[in-house]
Amino acid sequence: MASANRWLRPEVYPLFASVGVAVGICAIQLVRNITTNPEVRVTKENRAAGILENFEEGEKYAEHGLRKFVRKRPPQIMPSVNNFFSDPN
């Protein structure tokens, strides 16, 4: 009788996991923007500084490690599978 009234069914676990991953990605991006983005100024002293001409910091923010890693890779998700189906030999 108690199992019939369960409000959390096992079928919704993948949904909770995918929503949790999406919320985690959003949280990581928010923290990254607040801590490292040169255009975001949280403290009052930094906001009073106005427009800064700090191109090195902006370049460092835009060219992060993941972008540098992906730039050297081919633009395919699974190159071996793509080659298998596209090569006639």
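## An exposed phenylalanine

Phe85 counts as exposed, because its relative accessibility is 65% and the cut-off for that label is over 50%. Bear in mind that this is a predicted model. As for where Phe85 sits, look at helix α5, which covers residues 79-86.

## The ring next door

Phe85 has an aromatic partner: its ring centre lies 5.1 Å from that of Phe84. The two ring planes meet at 80°, so the pair is edge-to-face, given that angles over 60 degrees get that name. By the pairing rule used here, the count for aromatic pairs comes to one.

Phe84 is exposed as well, with a relative accessible area of 62%. So both rings of this edge-to-face pair belong to exposed residues, Phe84 and Phe85.

## A greasy patch

Phe84 and Phe85 also help make up a nonpolar patch on the surface. The other members are Ile77, Met78 and Val81. Together, these side chains give a patch of about 640 Å².

## The whole protein

Zooming out, the protein has five helices and zero strands. Follow the sequence along and you get the pattern α-α-α-α-α.

How much of the protein counts as buried? Of its 89 residues, just 3% do, where buried means under 20% relative accessible area. The accessible surface adds up to about 8400 Å². Carbon and sulfur atoms account for 64% of that surface.

Terms used. Residues numbered from 1 in each chain as written. Predicted model: local features only at pLDDT ≥ 70, side-chain atom pairs only at ≥ 80, totals over all residues. Heavy atoms only, no water. Patch = residues over 30% accessible without salt bridge, like charges linked within 9 Å, V, L, I, M, F, W, Y side chains within 5 Å. Areas by Shrake-Rupley, 256 points an atom, 1.4 Å probe, with all protein chains shown as cover. Salt bridge = Lys/Arg side-chain N within 4 Å of Asp/Glu carboxyl O. Helix = DSSP H or I, 4+ residues; strand = E, 2+ residues; numbered from the N terminus. Buried < 20%, exposed > 50% of the residue type's maximum accessible area, 1.4 Å probe, protein only. Phe/Tyr/Trp six-rings, centres within 6.5 Å; stacked < 30°, edge-to-face > 60°.
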